[in-house]
Amino acid sequence: MTVAPPAEGALVDRYGRVARDLRVSLTDKCNLRCTYCMPAEGLPWLAGPQLLSDDEIVRLVRVAVERLGVTEVRFTGGEPLIRPGLAGIVTEVATLTPRPRISLTTNGIGLDRLAPTLRAAGLDRVNVSLDTLDRDRFTRLTRRDRLADVLAGLAGAAAAGLTPVKVNSVLMRGVNDDEAPALLRFALDHGYELRFIEQMPLDAQHGWDRATMVTADEILASLAGAFALTPDPAERGAAPAETWLVGGGPARVGVIASVTRPFCGDCDRTRLTADGQVRACLFATEESDLRGALRGGADDAELARRWQVAMRGKRAGHGIDDPTFLQPARPMSAIGG
Ligand code: SAM
């Protein structure tokens, strides 16, 4: 794949990486309580006035697309489907020029109902998170008995043409680490593309432990017991997932090994939180306040300039393996996963 050279005004950092993939968190709230993400009681949510309005989100995405060379926009959260204005935001973003690719990371609850509307609004595809196919496990893991809703959401997304439908799974030791082959079988049977994500130190409870996390090597060994995997010859580019062909292809499975095989050198992501802070990295400890600038009357050129300054400070790597590593103050749900 040929990647266009950075446009004047691109989001370039000190190491020459160019951010073209924007992750926008639409809310920090969620209707699940996954144990590796949030405590049972939830978190102190952002107050209404702290959140960017729909119009403010669209304006910042427009600045990113039209002035800063962003070509991919992914909405996430929290749970983006619970944001009432989601379809309207997608509609507006789909009118931008050049038209960015638009995707959504969701837990899938309600997607069976919303998928046709979102497709009509301009959403291209979805990633649906699903860590287990066992109802009791799902209920324990997410603290909600909603497996059937997620499965319906996946089917609804595929039926509405939000394809390829990707499934994100996080494996945890002693919880669901025996389920890799079953999850892959399920994905193959339904035509979904499965991606395992290594668990990262981004939980609100700070319970992550490097020594016990399930690694990419373990996941691949578990899959290899049931499937013939061969490295995918397709160029990886800036994709976080390393992929393998299953049974010679064309079906594929991916592993996002952020911890044991970091891919920071090829990172092309920039992040906007639901309260209008730019983050250069999931693990950044600094943020740049675009909401304050926007509400203070900054014009688009000034917003673009601030965004560029924020990205210039992106560190070379997330440093999880560095003894001085500090987990960011905000958990994944508040940053936008
Ligand atoms: N609610 C949406 C969802 O469930 O996909 C979007 C937000 S969620 C934070 C995005 C993704 O981050 C999910 O696939 C979730 O499993 C993953 N995630 C959350 N905490 C994580 C962690 N500590 N390590 C790795 N992945 C995590």
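**Exercise 1. Determine whether C267 is buried or exposed, and describe its surroundings.**

Solution. The relative accessibility of C267 is 15%. Buried means under 20% relative accessible area, so C267 counts as buried. This value, like the others below, is computed from a predicted model. In the chain, C267 lies in the loop between strand 11 and strand 12 (269-272). Once neighbours within four places in sequence are set aside, its contacts are R17, V18 and K314.

**Exercise 2. Establish how the residues of the UniProt annotation "binding site" are arranged in space.**

Solution. The annotation comes from an unreviewed UniProt entry and covers C264, C267 and C281. They span 18 residues in sequence, yet no two of their C-alpha atoms are more than 9.2 Å apart, so the three gather at one spot. C281 belongs to the loop between strand 13 (277-279) and strand 14 (288-289). Apart from neighbours within four places in sequence, C281 touches R271 and H318.

**Exercise 3. Decide whether the radius of gyration of the protein agrees with that of a compact globule.**

Solution. For 337 residues, a compact globule would have a radius of gyration near 20 Å. The protein has 19 Å, which agrees with that expectation. Along the principal axes, the C-alpha atoms fill a box of roughly 55 × 40 × 40 Å. Next, burial: 54% of the 337 residues count as buried. The protein exposes about 14,200 Å², of which carbon and sulfur atoms supply 53%. Turning to contacts with a separation of 6 or more, 72% involve residues 24 or more positions apart. Finally, the mean positions of the 41 positive and 43 negative charges are 2 Å apart.

**Exercise 4. Give the secondary structure content of the protein and of the region listed as "domain: Radical SAM core".**

Solution. The protein contains 10 helices and 14 strands. The unreviewed UniProt entry lists residues 14-232 for the named domain. Over residues 14-232 the chain is 34% helix and 16% strand. The end C-alpha atoms of this stretch are 31 Å apart.

**Exercise 5. Locate the cis peptide bonds at P164 and P250, and the positive phi values at R143 and H206.**

Solution. Most residues other than glycine have a negative phi, and most peptide bonds are trans. The cases are taken in turn.

- T163 and P164 are joined by a cis peptide bond with omega about -5 degrees. P164 sits in the loop between helix 5 (147-159) and strand 7 (166-170).
- G249 and P250 are likewise joined by a cis peptide bond, with omega about 0 degrees. P250 sits in the loop between strand 10 (242-246) and strand 11 (252-256).
- R143 has a phi near 60 degrees and lies in the loop between helix 4 (135-142) and helix 5. With a relative accessible area of 30%, R143 is partly exposed.
- H206 has a phi near 55 degrees. Its place is the loop between strand 8 (193-197) and helix 7 (216-224).

**Exercise 6. Characterise the environment of L123, a loop residue.**

Solution. L123 lies between helix 3 (111-121) and strand 6 (125-129). Its relative accessible area is 1%, and L123 is therefore buried. Beyond neighbours within four places in sequence, L123 is in contact with V90, I102, S103, L104, L118 and L162. In addition, the C-alpha atoms of L123 and R101 are separated by 8.0 Å, although these positions lie 22 residues apart along the chain when counted as their separation.

Definitions and conventions
Residues numbered from 1 in each chain as written. Predicted model: local features only at pLDDT ≥ 70, side-chain atom pairs only at ≥ 80, totals over all residues. Heavy atoms only, no water. Helix = DSSP H or I, 4+ residues; strand = E, 2+ residues; numbered from the N terminus. Rg over C-alpha atoms; globule rule 2.2 N^0.38 Å. Buried < 20%, exposed > 50% of the residue type's maximum accessible area, 1.4 Å probe, protein only. Contact = heavy atoms within 4.5 Å. Areas by Shrake-Rupley, 256 points an atom, 1.4 Å probe, with all protein chains shown as cover. Lys, Arg positive; Asp, Glu negative; His and termini not counted. Charge placed at Lys NZ, Arg CZ, Asp CG, Glu CD. UniProt positions renumbered as here; feature names shortened; annotations may be inferred.
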